[in-house]
Amino acid sequence: MKTPRVIFVAAGLIFASVAAGPDASPKDSPAHLGAAHPQADADECGRLLVVGRKLFVARCSRCHGERGEKSLSTGLPLSQRKLMPEQLARSVKGRLQDCTEEQRWAVQLYIESFLNQESRERTSN
């Protein structure tokens with residue numbers, strides 16, 4: 001049974017908010033974006049995924065591939081790595097220092113979307 005994509009997007013936002021750390025303000029993470037209105041949450045998640053995909057393709061796909069499928073000399077492709085949200089947040093922040101916080105959250109959310117997809121494919125086989 002396939003789980004609706006919105007649930008995985010929402011899970012990505014939750015992971016992203018946890019990655020911000022205990023001292024972060026709720027406004028430091030995208031998880032607050034739809035708190036006032038549930039429909040806005042799904043719309044905002046979709047918008048963040050589009051922004052994250054564009055940035056990832058422009059800045060990261062040369063080495064990682066569009067969905068993190070390219071093998072790297074340092075190990076497994078990104079899509080096959082078991083990364084904790086905190087690790088992913090640190091990596092994205094380090095690589096995209098010139099981007100806004102929202103852009104970094106968007107890229108992290110996009111990466112989490114294909115990390116989740118890869119793990120779902122592995123467990124369903």
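Buried here means under 20% relative accessible area, with exposed kept for values over 50%. These legends all describe a predicted model.

**View 1. The cysteines, with no disulfide in sight.**
Searching the whole structure turns up zero disulfides. C60 isn't in one: its nearest cysteine sulfur belongs to C63 and sits 8.6 Å away. C60 is tucked out of reach of the probe too, since its relative accessible area is 16% and it therefore counts as buried. Then there's C99, whose closest cysteine sulfur is the one in C60, 8.7 Å off, so that pair is too far apart for a bond. For scale, the cut-off for a disulfide is a sulfur pair within 2.5 Å. C99 is buried as well, because its relative accessibility comes out at 10%.

**View 2. F56 against F114, an edge-to-face pair.**
Three aromatic pairs turn up in this model. In the one shown here, the ring centres of F56 and F114 are 5.6 Å apart, and their planes make an angle of 65°, so we call it edge-to-face. This pair ties together distant parts of the chain: F56 belongs to helix α2 (residues 38-59) and F114 to helix α5 (residues 101-124), with their positions 58 residues apart. What about burial? F56 has a relative accessible area of 1%, so it is buried, and F114 at 2% is buried too.

**View 3. Y110 and F114, neighbours on helix α5.**
Stay with F114 and look at its pairing with Y110. Their ring centres are 5.4 Å apart and the planes meet at 80°, so this pair is edge-to-face. Both residues sit in helix α5, and because they are four residues apart, about one helical turn separates them. Y110 and F114 are both buried. Put this view together with the previous one and you get a single aromatic cluster made of F56, Y110 and F114.

**View 4. K82, out in a loop.**
Is K82 buried or exposed? Its relative accessibility is 75%, so it counts as exposed. You'll find K82 in the loop that runs between α3 (61-64) and α4 (85-95). Trace the chain on to L115, 33 residues away from K82 in sequence, and the two C-alpha atoms turn out to be 7.9 Å apart.

Technical notes
Residues numbered from 1 in each chain as written. Predicted model: local features only at pLDDT ≥ 70, side-chain atom pairs only at ≥ 80, totals over all residues. Heavy atoms only, no water. Buried < 20%, exposed > 50% of the residue type's maximum accessible area, 1.4 Å probe, protein only. Phe/Tyr/Trp six-rings, centres within 6.5 Å; stacked < 30°, edge-to-face > 60°. Helix = DSSP H or I, 4+ residues; strand = E, 2+ residues; numbered from the N terminus.
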